[in-house]
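Trainee: I've got a fold to look at before I head back to the bench. Can you walk me through it?

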Amino acid sequence: MDSATSDRAALQATADNGLKIVVVGGFGVGKTTMVRSVSEIRPLNTEETMTRAGEAVDHLDGVQSKTSTTVAFDFGRITLDARSVLYLFGAPGQERFWFLWDRLFSGTLGAVVLVDTRRLADSWYAIDRLEHHGTPFIVACNDFGGPLHTEQQIREALALSDDVPLVECDARDRSSSKYVLITLVEHLYALSRGTAGSASTAAARPETAPEKTPEPTP
């Protein structure tokens with residue numbers, strides 16, 4: 001998946017609150033695409049062309065058409081309000097780069113686990129490491145046009161508890177990616193107030209979220 005980055009408005013030079021968010025998930029689920037689509041700045045990325053040398057170690061099932069891959073991390077930024085910004089870090093998906101994840105998780109406020117419902121098993125490691133670190137997260141199902149699954153089927157497949165928000169998204173679309181980040185911020189706020197259960201219930205209904213939540217400053 002790919003997405004062109006549109007022109008962004010000029011940003012403030014400083015912010016009082018910098019919030020670090022990590023986007024994780026399996027190989028080829030759209031992490032780089034999400035960071036590109038939502039970032040207000042030209043994203044920093046470490047994509048390299050895939051070669052035959054990597055075929056023996058990278059699992060390409062379901063992503064045979066992929067020609068480039070992240071080898072360190074992606075970085076972007078989005079303004080929440082006049083005082084707060086989100087710093088977005090997209091983690092590499094291949095197993096051979098998983099050793100970088102623990103460092104990326106350092107200082108992270110929360111995470112988005114991006115999944116391809118055609119390859120749900122690829123999301124297990126991301127969820128396991130986040131739970132190991134005690135990092136709050138939500139799960140976003142990226143739209144690849146695969147078979148439809150009910151929310152309950154996805155929760156059971158990923159062993160998600162009811163208090164973990166589960167949403168659908170299209171990582172190529174800026175508004176959709178912004179909604180994912182809003183859902184995560186709401187979830188983190190609910191956790192801080194001890195109301196995470198009600199927050200996850202609201203997040204599971206995208207059609208009602210825009211009425212309750214203002215979008216970040218474009």
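Mentor: Sure. When I say contact, I mean heavy atoms within 4.5 Å. Keep in mind that this is a predicted model.

Trainee: Okay, then which residues is L160 in contact with, leaving aside its neighbours within four places in sequence?

Mentor: Start with where L160 sits: the largest nonpolar core has 22 residues, and L160 is among those with the most contacts inside it. Skip the neighbours within four places in sequence, and the partners of L160 are I127, F137, V139, R155 and L166.

Trainee: Which helices and strands each supply at least two residues of this core?

Mentor: Nonpolar side chains tend to be buried together in soluble globular proteins. Here, the core's best-connected residues include V24, V113 and L158. The elements that each give at least two residues are strand 1 (17-25), helix 2 (101-105), strand 6 (110-116), helix 3 (124-133), strand 7 (137-142) and helix 4 (151-158).

Trainee: How far from the sulfur of C141 is the nearest cysteine sulfur?

Mentor: A disulfide needs the two sulfur atoms within 2.5 Å, and the structure holds zero of them. C141 is buried, with a relative accessible area of 7%, and C169 is buried too, at 6%. The nearest sulfur to that of C141 belongs to C169, and the distance is 7.7 Å.

Trainee: Last one: over which residues does pLDDT stay under 50?

Mentor: The mean pLDDT of the chain is 75, and 65% of its residues reach 70 or more. Where pLDDT is low, the predicted coordinates should not be read in detail. The stretches under 50 include residues 1-11 and residues 201-214.

Terms used:
Residues numbered from 1 in each chain as written. Predicted model: local features only at pLDDT ≥ 70, side-chain atom pairs only at ≥ 80, totals over all residues. Heavy atoms only, no water. Core = buried A, V, L, I, M, F, W, Y, C linked by side-chain atoms within 4.5 Å. Buried < 20%, exposed > 50% of the residue type's maximum accessible area, 1.4 Å probe, protein only. Helix = DSSP H or I, 4+ residues; strand = E, 2+ residues; numbered from the N terminus. pLDDT = per-residue confidence, 0-100.
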